Amino acid sequence: MSEPPSLGRDDVAHVAGLARLSLSEEELDMFTGQLARVIDHARDVSSLDVHDVPPTAHPLPVRNVLRTDDPCPGLDRDEVLAAAPDVEDGRFKVPRIVGEAP
Amino acid sequence: MSAAGAGADGTSGSAVSAAGAGADRADRAEWETVVGLEVHCELETQTKLFCGCKNAFGDEPNTNVCPVCLGLPGSLPVLNAFAVELAMRIGEALHCEVRPSSFHRKNYFYPDMPKDYQISQYDEPINVGGWLELPDGSRVGIERAHLEEDTGKTTHQGETGRIHAADYALVDYNRAGVPLVEIVSRPDIRSSAQARLYVTELRAVLVATGASDGRMEEGSLRVDANVSVRRVGAVAFGTRCEVKNLNSLRSLGRAIDHEVARQVALVEATGTVVQETRHWDENAGRTVPLRSKEEAFDYRYFPEPDLVPLAPGSDWRARAARAVGLLPSARRERLAGLLGGAPTPQQVDQVHVVVAQGLDDLVVAAVAQGAPAGVALVRAANELAADLGAALVLDPGIFGRVAVMEAQGELTATQAKAVLAELLAAGGGDPAAIAAEKGFEALSEGSLAAVVQGVVEAHPEEWSRYSAGEDKLAGFFTGQVMRATGGKADGKAVAAELQRLRR
């Protein structure tokens with residue numbers, strides 16, 4: 001198995017951008033080092049021989065956790081909107097959005 | 001290129017543009033349209049996909065919300081079994097393989113999802129690899145049909161209401177978490193007409209499975225189109241653009257036609273199309289860029305740790321398959337069978353309309369009451385389809401009685417239409433009473449014969465020509481009889497009487 005390339009400063013800047021984090025130059029250096037160590041640690045797994053282990057989407061040996069399609073009461077709207085920074089017409093008021101929903 | 005060539009020949013400006021337009025038309029014939037559609041279908045469940053909040057359209061904003069669909073810390077999603085059932089029915093109806101599946105988080109920042117991610121299915125969707133056969137016999141491949149949650153509804157507030165000019169937005173989370181199945185077709189569609197046919201047929205299939213109410217205007221069905229062009233005979237696909245905001249069949253057809261023309265012009269002028277997402281502007285009748293490939297979202301999909309994998313057993317899958325209702329193709333065959341004999345081209349069209357609009361059960365019920373299928377079919381395809389909302393809640397017995405009255409000559413076609421219109425407007429009623437109220441007394445056979453006889457005697461020259469075999473004069477005599485009876489005569493009875501007299 002070939003080793004994936006180690007984490008670079010550009011990768012960290014990209015990921016920070018996706019998470020809407022603005023990092024200073026010093027922070028970028030610091031997090032590049034830290035994240036690289038985290039990823040190296042996770043990479044230890046690739047040293048294991050897993051060729052006879054089936055892939056899994058979840059660590060629990062559980063399938064089909066379901067509920068019946070029965071309505072149950074939610075939250076009171078006033079209570080919900082009281083937690084919002086801004087409200088208009090019973091709805092959450094948010095800043096102008098550039099672009100359309102993904 | 002053609003403009004430059006014409007200019008070099010020293011022709012006038014108008015000749016240049018005419019030559020350009022001619023070349024344009026000739027080139028269009030060399031281009032092939034390639035379309036794949038993504039249809040989002042809201043499922044007809046009582047509750048949302050991962051919580052017990054009501055799945056309802058049109059309620060007061062933010063009244064169907066809870067910690068799960070508001071993304072409050074510590075809340076956990078639990079999958080709705082009936083949404084899974086409906087997704088499996090859709091998979092069965094589209095001839096997909098229904099498989100074990102899992103959920104992923106699709107991360108993005110946009111206020112329509114308070115969690116900042118949407119739970120969707122990524123590399124292990126519940127349905128893969130099916131197809132949909134269209135009424136014209138063509139077949140469109142289905143790539144996948146997966147489960148995901150809907151987003152909240154964002155309303156942009158500002159002077160024009162348009163996104164780019166909005167000052168702020170208001171968000172209603174009633175729709176956030178409503179179950180969706182996204183049906184992704186293969187790029188098998190070759191024209192805007194076929195795209196419309198595909199959506200019409202898919203809609204009818206979704207209604208038949210009980211998964212959807214099929215209401216595009218309420219957003220129950222939403223369509224995005226992936227459009228590209230290539231030269232006829234080319235194997236490789238062109239660069240595609242995804243067109244969003246297609247809220248009706250009409251928008252879908254117009255947007256594809258516009259986008260194809262734009263791309264052909266672009267390829268001819270510059271050689272390439274830039275891959276991007278575009279927004280259909282219904283009022284302007286054109287698509288405008290939304291974001292380019294470089295600006296495309298990086299969704300950072302990862303497995304949803306709060307949900308375990310889904311692996312419905314064979315019993316459940318079999319139950320879902322049995323629960324799929326009569327599909328549109330079978331419904332069309334059933335109607336055609338009732339007609340007895342080969343349907344006329346008009347009847348084929350009527351059958352398509354009636355099945356696509358979900359009116360075929362009314363026709364079947366009318367026939368069961370003794371109405372001839374042809375009469376019930378034509379009234380359903382025209383009068384009922386014209387007032388669909390009222391027609392779908394009309395008592396089949398009432399419709400059956402009107403069809404029987406028309407078939408037995410108690411009402412003429414014109415009168416039957418008027419009675420139906422009244423019944424639809426009133427939401428029901430007694431057809432016989434309405435007919436009487438409107439003075440629609442049927443002419444007795446005896447009095448009709450007398451009127452026909454009188455008309456024949458008044459036009460001896462026409463009658464001798466008709467008797468000699470000039471059949472088109474039947475229309476003349478029918479018109480005269482209609483005039484004499486104030487439209488109360490039944491056209492078919494008149495035709496029969498004319499035939500009888502001619503023999």
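The following dialogue examines how chain A and chain B meet in a predicted model, and how chain B is arranged.

Biologist: Why is the pair A:Arg77 and B:Glu60 called a salt bridge?

Modeller: The rule asks for a side-chain nitrogen of Lys or Arg within 4 Å of a carboxyl oxygen of Asp or Glu. The side chains of A:Arg77 and B:Glu60 meet at 3.8 Å, N to O, and therefore the pair satisfies the rule. Across the interface of chain B and chain A, the rule finds 1 salt bridge.

Biologist: How many residue pairs are in polar contact across the interface of chain B and chain A?

Modeller: There are 22 such residue pairs, with both residues at pLDDT 80 or more. Several elements of chain B supply at least two residues each to the side that touches chain A, including helix H3 (81-93), strand S8 (153-157) and strand S14 (286-292). S9(B) gives the most to that side, with 5 residues.

Biologist: What makes up the side of chain B that touches chain A, by class?

Modeller: That side has 38 nonpolar, 14 polar and 12 charged residues.

Biologist: How many residues of each chain are in contact, and what area is buried?

Modeller: In chain B, 64 residues are in contact with 35 residues of chain A. The area buried between the two chains is about 4,100 Å², and carbon and sulfur atoms give 61% of that area. B:Leu170, B:Val308 and B:Pro309 supply 14% of the area that chain B buries against chain A, more than any other three residues.

Biologist: Why are strand S1 of chain A and S2(B) said to pair?

Modeller: Pairing requires at least two bridges between the strands. Strand S1 (residues 66-67) of chain A is joined to S2(B) by 2 bridges, so the requirement is met. The two strands run parallel, and A:Leu66 stands opposite B:Leu79 in S2(B).

Biologist: Which domains does the assignment give for chain B?

Modeller: The assignment gives domain 1 (31-315), domain 2 (326-437) and domain 3 (445-502). The C-alpha centres of domain 1 and domain 3 of chain B lie 59 Å apart.

Biologist: Where is B:Phe440 found, and which residues is B:Phe440 in contact with beyond its neighbours within four places in sequence?

Modeller: B:Phe440 lies in the loop between helix H14 (431-437) and helix H15 (445-458) of chain B. Beyond those neighbours, its contacts include B:Glu410, B:Leu411, B:Ala418 and B:Ala435. B:Ala418 is 22 residues away along the chain, with 9.9 Å between the C-alpha atoms of B:Phe440 and B:Ala418.

Biologist: How can B:Phe440 and B:Ala418 be in contact when their C-alpha atoms are separated by 9.9 Å?

Modeller: Contact means heavy atoms within 4.5 Å. The value of 9.9 Å refers to the C-alpha atoms, whereas contact is judged on heavy atoms, so the two statements agree.

Technical notes. Residues numbered from 1 in each chain as written. Chains lettered and ligands numbered in written order. Predicted model: local features only at pLDDT ≥ 70, side-chain atom pairs only at ≥ 80, totals over all residues. Heavy atoms only, no water. Buried area = accessible area lost by both parts, 1.4 Å probe. Polar contact = N/O pair within 3.5 Å; in protein donor to acceptor, adjacent residues only side chain to side chain. Nonpolar A, V, L, I, M, F, W, Y, C, P; charged D, E, K, R; others polar. Domains from an automatic or database assignment.
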